[in-house]
Amino acid sequence: MLDLNDIVVFARVVEAGSFTAAARLLAMPKTTVSRRIAALEREFGVRLLQRTTRSLRLTDAGRLYYEESSEALRTLEQANLRLAEARAEPAGTIRISAPVGFGGHFLSATIFDFLAAYPKTRVELRLSDDRFNLIENGIDLAFRTGILEDSTLIARKLGSTYRILCASPDYLARCGAPDRPEDLASHDCVIAGRSAANAHWVLEGEGIRETVTVSGRFAANEMQAVMAAAIAGYGIAQLPHGVAAACIADGRLQRVLDGYTTPAGGLHVVYPSSQHLSPLVKAFVQLAIDHLNVGYSAMDAPAIISG
């Protein structure tokens, strides 16, 4: 009966280039290596290696067999590794990146449940609205929305996000509420971006999509600042639904143009391309998916503003 260990020894001899080097690699006597290769050749009734005191080379049959068997061995090694990873308890540090506006209830709850479920883990959370290179910055996974740029990152879509229009009761008492999207042109708007110049909002509602030009006295590329300006009465703002919900519930903000939202965008988790995804990342991604499925509907997913 064919012994798989003999095939492993054969592959290591070919890769190492000699019986001596293979024996050292396999931590077994050179005589055992030689005996296993001889047993394999007897099993097939064909010589696989031509060996002299100074050289070792594959025969045509040996070359063919190595090409086929080495691929099978790699598949088995992959299976063994994945099984070991599946059985292993996640441990170590996982570094996560997310936009500032995303570090709220959803992400915090996921992280705290992850730490409770896996006592041997640590989480380092980096909140930033900039998209930076994950590999260069040692980030294991990141949350992002919108259209993803082509890259070597692996992306998994978790859901969809959208924004709603909100303003403070004080602003609405002073300036009134818009009745139609085009009315926004005569209102102060809080702009989520680096500049208030040439700002355009795309809105969907009542079966149509409209693009409106807006302006205002304040712009910021960080959602917490945009929300603070809206609460302070500096205008109408586009806010992620999940971010604005608490402020609407406690009366600090009111929704305007109820029938309109921004077009839904994708919510993704991304991580560097890797042949073997670590148990840490796998466990965290699955927990994030579970939280999303339990706590949010597809159109009520926690929203990210950028990144």
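This is a short tour of one protein chain, from its overall make-up to its cores, ring pairs, surface and salt bridges.

Keep in mind that this is a predicted model. Let's start with the whole. The protein has 307 residues, and 42% of them count as buried. It holds 9 helices and 13 strands. Now take contacts between residues at least 6 apart in sequence: 74% of those join residues at least 24 apart. On the outside, the protein exposes about 16,400 Å². Carbon and sulfur atoms supply 51% of that area.

Now go inside. The largest nonpolar core has 20 residues. Which residues have the most contacts inside it? They are I94, F114, L141, F143, F284 and V285. Several elements build this core. At least two residues come from each of β3 (92-98), α5 (105-117), β5 (141-145), β13 (265-272) and α9 (279-295). Helix α9 gives the most, with 8 residues.

Find F284 on the model. Set aside its neighbours within four places in sequence, and F284 is in contact with I94, I96, L107, T110, I111, F114, L141 and F143.

There is another core, apart from that one. It has 17 residues, including F10, V33, Y66 and L73.

Next, the aromatic rings. How many aromatic pairs does a search of the whole structure find? The search finds 6. One of them is F10 with Y66, an edge-to-face pair. The ring centres are 6.5 Å apart, with 75 degrees between the planes. F10 sits in helix α1 (residues 4-16) and Y66 in helix α4 (residues 60-87). That is 56 residues apart, so the pair links distant parts of the chain. Both F10 and Y66 are buried.

A second pair to look at is F114 with Y118, which is tilted. Here the figures are 5.2 Å centre to centre and 55 degrees between the planes. Is F114 buried or exposed? F114 counts as buried, because its relative accessibility is 0%. Y118 is at 24%, so Y118 counts as partly exposed.

Back to F10 and Y66 for a moment. Ring pairs link them with F44 and Y65 into a cluster.

F44 also takes us to the surface. Together with L2 and V46, F44 forms a nonpolar patch there. The three share about 220 Å² of accessible area. V46 lies in the loop between α3 (30-44) and β1 (49-51). At 33% relative accessibility, V46 counts as partly exposed.

Last topic: salt bridges. The count comes to 11. Look first at R36 and D6, whose side chains meet at 2.7 Å, N to O. Why does this pair tie together separate parts of the sequence? Because R36 lies in helix α3 and D6 in helix α1, 30 residues apart in sequence. R36 counts as partly exposed at 24% relative accessibility. D6, at 8%, counts as buried.

Then there is R95 with E124, a salt bridge at 3.1 Å, N to O. R95 is in strand β3 and E124 in strand β4 (residues 121-127), 29 residues apart. R95 is partly exposed, at 33% relative accessible area. E124 counts as partly exposed too, at 41%.

The side chains of R252 and D250 also form a salt bridge, at 2.9 Å, N to O. R252 is partly exposed at 40%, and D250 is partly exposed at 45%. Finally, R180, E182 and D183 are joined into one network by salt bridges that share partners.

Note on methods: Residues are numbered from 1 along each chain as its sequence is written. This is a predicted model: local features need pLDDT of at least 70, side-chain atom pairs count only at pLDDT 80 or more; totals for chains, interfaces and linings use all residues. Side-chain values use heavy atoms; hydrogens and water are left out. Rings of Phe, Tyr and Trp (its six-membered ring) pair if their centres lie within 6.5 Å; planes under 30 degrees apart count as stacked, over 60 as edge-to-face and the rest as tilted. Helices (H or I, at least four residues) and strands (E, at least two) are DSSP runs, numbered from the N terminus. Buried means under 20% relative accessible area, exposed over 50%, partly exposed in between (1.4 Å probe, protein chains only). Patches are made of residues with over 30% relative accessible area and no salt bridge: like charges are joined within 9 Å, nonpolar side chains (Val, Leu, Ile, Met, Phe, Trp, Tyr) within 5 Å. Accessible areas come from the Shrake-Rupley method with a 1.4 Å probe; for residues, only the protein chains shown count as cover. A salt bridge is a side-chain nitrogen of Lys or Arg within 4 Å of a carboxyl oxygen of Asp or Glu. A nonpolar core is a set of buried Ala, Val, Leu, Ile, Met, Phe, Trp, Tyr and Cys residues joined through side-chain atoms within 4.5 Å. Contact means heavy atoms within 4.5 Å.
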